[in-house]
Amino acid sequence: MPEHRAAPLRPALRATGLRKRFGDHQVLDGVDLEVAPGSVHALLGPNGAGKTTTVRIVCGLLRADEGRAEIAGHDVVAHSRAARGALGLSGQYAAVDEHLTGFENLHLLGRLYGMSRRRAAERAEELLDRFRLDDVAGRRAGLYSGGMRRRLDLAGALVARPQVVVLDEPTTGLDPRSRLDMWAVIEDLLLDGVAVLLTTQYLEEADRLADLITVIDRGVVIARGSAEELKERVQGATLALQVRDGAGLAHAARALGAVGLGEPWVDHRTGRASIATDRGPEVMAELLAHLARVEVELVDLGLHRSSLDDVFLALTGHGAETTTDGDPV
Amino acid sequence: MSTRTETRTDVTSEATLLAAGAETLRNGFVLTGRNMRHVARIPGRITTGLVQPVMFVVLFAFVFGGSLGGEDYRRFLMAGIFAQSMVFNASFTTVGLANDLQKGIVERFRSLPMSPLAVILGRTTSDMVVGVATLVVTALCGLAVGWRVEGSAADAALAFLVLVLFGFAMSWVGATVGVFARTVEVAQSAGLIWLFPLSLISTAFVSAENMPTPLREFAAWNPVSAVATSVRDLLGNPTPATLPQPDTWSLQHPTLYAVLSSLAVLAVFMPLVLARYKRLTRG
Ligand SMILES: Nc1ncnc2c1ncn2[C@@H]1O[C@H](COP(=O)(O)OP(=O)(O)OP(=O)(O)O)[C@@H](O)[C@H]1O
Ligand SMILES: [Mg+2]
């Protein structure tokens with residue numbers, strides 16, 4: 001899906017060669033990003049990869065040591081006011097005023113964006129409805145649950161209908177329904193031509209929303225492409241089954257070994273087994289033929305293309321908890 | 001589209017500067033409203049604001065007043081308490097600003113196309129409103145212990161303006177302490193230490209006669225002394241003969257000196273707060 005990279009539209013958000021060092025820790029080491037209007041660019045990476053640092057620099061909240069960023073064509077440092085005028089940000093930690101109600105929080109932001117009292121009130125009502133906060137609109141944000149605060153903060157990012165929306169882990173801490181709501185909100189933004197940069201820990205989210213995914217690790221971009229392109233980089237698929245009776249598991253594993261690549265993975269507790277394969281669905285017929293001979297009864301059988309999770313683990317080569325060498329753990 | 005906005009940011013004509021100034025004032029006003037809601041909602045905030053002036057009047061009038069001249073002293077004393085209240089009012093600015101800086105809300109403010117000046121202006125302005133309320137409560141307490149306005153209404157109004165201007169200036173000093181404090185804990189402890197020497201090494205409550213020379217000099221030129229003396233003169237409250245005042249220029253022209261020193265404080269501290277706030281929020 002390379003068309004967005006050749007898109008005629010000027011990117012709404014662009015960062016080039018971002019470098020940032022905290023003490024002797026090089027947190028960003030040359031990150032480039034572009035987001036076209038009406039598209040979502042997802043930033044993935046393990047904890048501490050530098051996602052939030054990138055977001056803060058792009059939004060002008062943190063100065064990069066090197067590199068520059070612009071929003072809607074405005075340099076975030078030299079023309080920070082114009083850049084911020086086109087930006088809606090929801091940071092990793094909700095920035096709401098605990099002493100104000102949900103309504104007052106959004107009304108205040110509307111007023112600070114220059115709206116009249118009435119306009120700000122209308123916009124606040126709209127957003128409270130959109131984010132299902134209308135029931136608690138009159139309650140102080142300090143009394144909100146974590147997910148409500150998060151939603152209020154996201155609503156705050158949209159008050160002035162920005163051209164560029166930057167969301168740092170927007171759905172962390174949201175229940176499944178609120179997450180779906182959030183996705184719908186983002187899809188609506190795209191219809192209006194808004195450019196969205198989001199970071200996420202949920203690969204499913206990136207898969208579903210993002211036109212372009214950038215994977216960063218230890219401050220460098222290690223992969224970029226559409227979800228499909230990234231999945232192709234991790235070849236093949238997984239053939240997985242579950243047996244009804246644990247006694248048949250050994251037979252089943254042997255059958256998997258006969259049709260797949262390498263050693264099968266076996267879990268005796270759940271009666272599941274799986275194996276990697278580079279073949280198409282015909283491999284399933286072959287497996288069933290093997291199993292019919294030994295009379296093993298299956299509960300489940302499936303052939304899955306590699307998920308973004310597999311891609312993520314393959315690319316970063318280490319779990320999310322692993323930190324760089326110098327880091328205290 | 002981008003061409004239009006670029007032109008706007010490049011042209012720095014007087015008109016755009018004026019528009020930017022008006023916008024900052026407007027946002028400062030909006031944030032003043034927000035801060036006033038906080039005053040009403042933070043538990044204990046109103047109580048502290050009311051108890052403090054009552055406590056000052058009662059303590060000074062009856063604890064010191066007894067040995068310093070009773071009724072006469074109480075008439076003398078009130079101007080000093082007004083001035084002191086304006087100094088102590090700065091503590092609300094310090095704590096309020098440190099609080100905002102420690103909370104996530106400051107990140108939100110920074111992501112808005114708003115001058116950082118508006119955030120601090122909103123804070124100092126709302127604290128000025130609180131300061132006015134404090135003056136009213138203090139005056140009521142004063143009336144209860146026998147103090148009276150003995151001058152003209154116009155002079156009383158001028159005295160009020162001198163106090164408010166001075167309070168506003170002190171609020172910017174408080175803001176400076178707030179942005180340097182980094183945490184609310186530091187702001188609430190070390191950040192409030194300066195209030196005591198500034199308000200007490202003055203002629204607000206006592207004569208400077210018996211102070212050691214350096215303190216006497218400090219007291220003579222301390223704006224708190226000038227504010228207290230100015231207010232005392234304007235309200236027509238006499239200075240008892242037992243409390244001789246230094247005859248420095250500052251106290252011979254107390255109103256002028258009070259206004260000038262307030263403006264000087266603003267001129268020094270406004271840019272200081274702003275520079276520090278910008279630095280803090282840059283990283
Ligand atoms: N102000 C700071 N001072 C020192 N180190 C910092 C600072 N901010 C971030 N770091 C370090 O920079 C690295 C990247 O942090 P960042 O918050 O960008 O990671 P992230 O990718 O957003 O992680 P997560 O998924 O946990 O949110 C971390 O090692 C972090 O400790
Ligand atoms: Mg982060």
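How many salt bridges are there over all chains? The count comes to 29, and a handful of them get a closer look below. Keep in mind that this is a predicted model. Chain A has 329 residues, and 50% of them count as buried. Its C-alpha trace spans about 75 × 45 × 45 Å along the principal axes, and the chain carries eleven helices and 14 strands.

**The magnesium site**

- Two protein atoms serve as donors to the magnesium ion (ligand 2): OG1 of A:Thr52 and OE1 of A:Gln92, at 1.9 to 2.2 Å from the ion.
- These two donors come from distant parts of the chain, 40 residues apart. A:Thr52 belongs to helix α1 (residues 51-58) of chain A, while A:Gln92 sits in the loop between β6 (87-90) and α3 (102-112) of chain A.
- How exposed is each donor? A:Thr52 is partly exposed at a relative accessible area of 25%, and A:Gln92 is partly exposed with 25% as well.

**The six-stranded sheet in chain A**

- Six strands of chain A make an open sheet with mixed pairing, in the order β6-β7-β8-β3-β9-β10.
- Which strands stand at the edges? They are β6 and β10 (220-225) of chain A; each has a single partner strand, so one side of each has no neighbour in the sheet.
- From one strand to the next, the twist averages 15°.
- Inside this sheet order, β8 is followed by β3. Strand β3 (residues 40-44) of chain A runs parallel to strand β8 (residues 195-199) of chain A, and four bridges join them.
- If you want one pair of residues to look for, A:His41 stands opposite A:Leu197 in β8(A).

**Strand β1 and its two partners**

- Strand β1 (residues 13-22) of chain A pairs antiparallel with strand β4 (residues 66-71) of chain A through five bridges. A:Ala15 has A:Ala69 in β4(A) as its bridge partner.
- β1(A) also runs antiparallel to strand β2 (residues 25-35) of chain A, this time with eight bridges. Here A:Arg19 has A:Asp29 in β2(A) as its bridge partner.
- β1(A) and β2(A) make a hairpin, with two residues between the strands. One residue to check in the turn is A:Gly23, which has a positive phi of about 60°.

**Salt bridges within chain A**

- As a reminder of the principle, side chains of opposite charge can pair when their charged atoms come close.
- A:Arg68 and A:Asp75 form a salt bridge, with their closest N and O atoms 2.9 Å apart. A:Arg68 is partly exposed at 44% relative accessible area, whereas A:Asp75 counts as buried at 12%.
- This pair is part of something wider: a network of salt bridges links A:Arg14, A:Glu34, A:Arg68, A:Glu70 and A:Asp75.
- A:Arg119 forms a salt bridge with A:Glu122, and their closest N and O atoms are 3.2 Å apart. Both belong to helix α4 (residues 117-130) of chain A; because they are three residues apart there, about one helical turn separates them.
- A:Arg119 is partly exposed, with a relative accessible area of 30%, and A:Glu122 counts as partly exposed at 35%.

**Where chains A and B meet**

- A salt bridge brings the side chains of B:Arg108 and A:Asp153 together, at 2.9 Å from N to O.
- Why does this pair join two chains? B:Arg108 lies in helix α5 (residues 105-110) of chain B and A:Asp153 in helix α5 of chain A, so the pair joins two chains.
- Are these partners buried or exposed? Both B:Arg108 and A:Asp153 are buried.
- Helix α5 (residues 146-158) of chain A also holds A:Arg150. A:Arg150 counts as buried, at 5% relative accessibility.
- A:Arg150 and A:Tyr93 lie 57 residues apart in sequence, yet their C-alpha atoms are 8.0 Å apart in space.

**A nonpolar patch on chain B**

- B:Val51, B:Met55, B:Leu59, B:Val63 and B:Phe64 form a nonpolar surface patch, and together they have about 430 Å² of accessible area.
- B:Phe64, one of the patch residues, belongs to helix α3 (residues 45-68) of chain B. B:Phe64 is partly exposed, at 37% relative accessible area.

Technical notes:
Residues numbered from 1 in each chain as written. Chains lettered and ligands numbered in written order. Predicted model: local features only at pLDDT ≥ 70, side-chain atom pairs only at ≥ 80, totals over all residues. Heavy atoms only, no water. Donors = N, O, S within 2.8 Å, 3.2 Å for Na, K, Ca; no water. Buried < 20%, exposed > 50% of the residue type's maximum accessible area, 1.4 Å probe, protein only. Patch = residues over 30% accessible without salt bridge, like charges linked within 9 Å, V, L, I, M, F, W, Y side chains within 5 Å. Areas by Shrake-Rupley, 256 points an atom, 1.4 Å probe, with all protein chains shown as cover. Salt bridge = Lys/Arg side-chain N within 4 Å of Asp/Glu carboxyl O. Pairing = 2+ DSSP bridges. Axes fitted to C-alpha atoms, helices over the stretch in contact; angles between N-to-C directions.
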